[in-house]
Amino acid sequence: MAYKILIPQEIAPEGIAALEKNGHIIKMGTGSGEEDLVRDAADCDAILLRTAPVTRRVLEAGKKLKIVARHGAGYNNVDLEAADELGIWVTNAPDSTTNSVAEFAVGAIIAAGKRTALLMQAMRDGDFFFKNSHKGVDLIGKTLTIVGFGRIGRAVAKKAHYGLDMRIQAYDPYADPKSVPEYVSMVDWETGFKTADFVSLHMPLTADSRGCVGKKEFSMMKSSAYFINCARGEVVNETDLIEAMKEKKIAGAFLDVLEKEPPSADNPLFFMEDVSLTPHMASNTKECMMQMAVQAASQINLVLAGKQPDWPVNHPQLKKAHD
């Protein structure tokens, strides 16, 4: 039986091919806003989702929906409670982004410590010798605190330890101590921030983690420490980070994510000497985009074939409440 799959935003062609191979019909969305999805989901059996908001209204409009398959690891743009009530599976692709994001985070650590963006801009401005008054730091022997020790956090730890010879410590109250590598020291929240030369965030966005890093944490950090966020912008109180940079409480920051995306042109972070910003691109590689699309498609194929998904993130009722 052919089912109709809504794809609100462009994905890698390999994902579409995996769905069409199973005889499914692809419906490209007319937009990625809530109203667009409410309109487009009405006759669809599944949604292959990137960053568009799948709210209760969208799910209720999709009378035939059986699954929303998230293109990537995060799923904070889906109303899980509504999906549970309506009997709709929500899945993700938990390992699709691991290596790409971990590589990017390690690159961010290096770029922050070596101040590459700042020095590149100085060269563009014609000041070759700006480097003499703006030296970087070596990473060997420096302490890296990883906040959130899941798949990506563990991959960052491995690359930073073996590749850069950094000392690794991590904070994660849910980590199984038996699964922690011998080169990683598990620490409490305060110790993680106080003792780090670099802090790198790798936790998901939840009700508990929203805004969890702020004034207290920046005040605890060394004035020589660097802050890296390749997780979610909303886990950081951005106003507090701006204040910390103004007051030189920390040495610098590398941010791939922000509270508001895209950011406003007058965001003070754009104008700070030791802040590097990138446009939420840690997973934006050809290889990663292909994996995310194919893995999301695989979950749709399973559910529409009457099988259990491999990577569910919710617990839907067996029958839709509105059936």
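Helices here are DSSP runs of H or I with at least four residues, strands are runs of E with at least two, and both are numbered from the N terminus. With that, R115 sits just after helix α5 and takes a positive phi of about 60°.

Some ground rules. This is a predicted model, in which local features need pLDDT of at least 70, side-chain atom pairs count only at pLDDT 80 or more, and totals for chains, interfaces and linings use all residues. Residues are numbered from 1 along each chain as its sequence is written, and side-chain values use heavy atoms, with hydrogens and water left out.

Back to α5, residues 98–114. Its 17 residues reach 24 Å from first C-alpha to last, close to the 24 Å expected at 1.5 Å a residue; the expected span is 1.5 Å times one less than the number of residues. Of those 17 residues, 12 are buried, so α5 is largely enclosed by the rest of the structure. Buried means under 20% relative accessible area, with a 1.4 Å probe and protein chains only. Among the buried residues are F104, V106 and I109.

Now the sheet. Five strands, paired in parallel, make an open sheet in the order β2-β1-β3-β4-β5; two strands pair if DSSP finds at least two bridges between them. β2 (25–28) and β5 (89–91) are at the edges with a single partner strand each, so one side of each has no neighbour in the sheet. From one strand to the next, the twist averages 20°, with axes fitted to C-alpha atoms and angles running from 0 to 180 degrees between N-to-C directions. Between β4 (residues 67–70) and β5 there are three bridges, and A69 has T91 of β5 as its bridge partner.

Terms used: Buried < 20%, exposed > 50% of the residue type's maximum accessible area, 1.4 Å probe, protein only.
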